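Trainee: I would like to go through a model with you and test the words we use for it. Can we start?

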Protein chains: 2
Amino acid sequence: MLDDLVLPADGGAPALAAVLARAILSGQLPAGSDFPREKDLCDRFAVSRNRVRNALASLAATGLVERTAGRGSRVREITGWHLLDPLMSDWLTGLARPDPRLVREIYAFRLSAEPQVAELAALAADGRDLARLEAAFAGMRDTAGTGMHQQHAEHDVAFHDAVYQASHNLVWRQMGHLLRPSIIALIQHSQHQAASLEDSLERHRRVMEAIRLRQPQAARRAARAVLERTATDLGLIPTPTSHTEGHPA
Amino acid sequence: MLDDLVLPADGGAPALAAVLARAILSGQLPAGSDFPREKDLCDRFAVSRNRVRNALASLAATGLVERTAGRGSRVREITGWHLLDPLMSDWLTGLARPDPRLVREIYAFRLSAEPQVAELAALAADGRDLARLEAAFAGMRDTAGTGMHQQHAEHDVAFHDAVYQASHNLVWRQMGHLLRPSIIALIQHSQHQAASLEDSLERHRRVMEAIRLRQPQAARRAARAVLERTATDLGLIPTPTSHTEGHPA
DNA sequence: ATAGTAGTTAATGTCAGACATTTTGCAAGG
DNA sequence: CCTTGCAAAATGTCTGACATTAACTACTAT
């Protein structure tokens, strides 16, 4: 079941948790199925029961598995996973083939949330927020089209995270964690054409400018435009920009 | 430091974590201060080091404390707390006097997020979602003005949670956890006038109707109206309904 | 006198083994 | 057929020892 998994040289408790979590996140283990017993995991990875228990505790804390005394551990439904837990973001990041449902769901969330966040950012951003935005944008610009995909993605993450930070709300700020796996997935699945990159950069610039000039509505529209660009790069169907939706009776 | 805390009769590991967490969440321990050592906690609560370590692991997982080998545990800044962790919601619920910053921040988040969620719900709700909404609304109606504040609050939570569920998005659904502490706080701090209750009920009904009739914009406005009602009940400054915000140049 | 370094102390992290508790399945008996 | 009781298997807990890390201290060399 977990035969082809390898524990990194480090081998610490978090490393073991990451290995086990990715086995679930990549969809290898169906929901509702039994997770291996503690003893088997001890043998399989040659670690103490203590480490195994700590790793399993993390998996339970993030809702990936459900543990009950005397019964064992079971893989939980995807609806029970705590996608907003920072641990989950770490595990999802660098996952070769994440469950496609997760990519879609996270993107759909960002599409509905980030315009609002950008609007708040335009109302609340201070000097340091703008400095972060500018630094991230400069990084994106300088790494565009140079083959430094990894660095470009990191600056991309930093840019969007700066927007969440600029909202100056404790809850929105937590959600910056979702960005890394979402943006990394974008790199893996799309080969950023040069023209696409140029266009994406320009859309990011407009978000930054709207926030700097304290124009909430412009920031909202610009953030939406960035995400529509992302949708096409991800191969998702771009929504038809239904801005002028009629007010119902 | 933790002298007046009592461990419930149950005394399980989660109970200990809850006691310690609430000591932090209520603001008794300043950010950056040293958290008691494991040994001291063992003596103070007369439990094994194992339980203490499990409890502390939960506190670390939710970002309440930061642990480092050889150094000890420190209380983290409020900005590091994982407010979206279900454990956090449990701990916040039933807390007599939560940190007022948290109440404000969570309310501000809901004000900016729930209209969007309601809009999504109006687009995606199915039969079961509507059934949940109706059941929760009926519960609210039947417990209004009867002195059954606790039950009314539970139905209130169920109503808003049903809206998040109806969005049919994995990420938004997670955030239903924020509702319970937010709504419980509302009960503690306001003595729901009869007129206020009637008004609140009517505003909830409009949200439900808009979702049922698949009117996204109406749902958005109705959700906002509910939260503005909540703001006045909480004693927060109601925002001046800036709907017709001019589009900046 | 100061910078660097080795040793000491104190805290968390890990290991190993035994025992407690809960769940499940089976099997005998009503 | 249902119930009761027992046994097996899994997770939960306790205990004591040791490992590892970080901060402090005293000492030494420049």
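Mentor: We take the DNA contacts, then the relation of the two chains. This is a predicted model: local features need pLDDT of at least 70, side-chain atom pairs count only at pLDDT 80 or more, and totals for chains, interfaces and linings use all residues. Residues are numbered from 1 along each chain as its sequence is written, chains are lettered from A and ligands numbered from 1 in the order in which they are written, and side-chain values use heavy atoms, with hydrogens and water left out.

Trainee: Which residues around DNA strand C come nearest?

Mentor: Ser48(A), Asn50(A), Arg51(A), Arg71(A) and Arg37(B), out of 16 around the strand. Near means a heavy atom within 4 Å. Of the strand C atoms within 4 Å of the protein, 67% belong to sugar and phosphate.

Trainee: What makes the Asn50(A) pair with DNA strand C a polar contact?

Mentor: A polar contact is a pair of N or O atoms within 3.5 Å; within protein, one must be able to donate a hydrogen and the other to accept it, and residues adjacent in sequence count only if both atoms are side-chain atoms. An N or O atom in the Asn50(A) side chain is 3.5 Å from a base nitrogen of strand C, so the pair qualifies.

Trainee: What do Arg51(A) and Arg67(B) reach?

Mentor: Phosphate oxygens of strand C. A polar side-chain atom of Arg51(A) lies 3.1 Å from one, and for Arg67(B) the distance is 3.0 Å.

Trainee: Why is the relation of chains A and B called a two-fold axis?

Mentor: A rotation of 180 degrees with 0.0 Å of shift along its axis superposes chain A on chain B, RMSD 0.0 Å (least squares on C-alpha atoms of residues with pLDDT of at least 70 in both). That is the two-fold relation.
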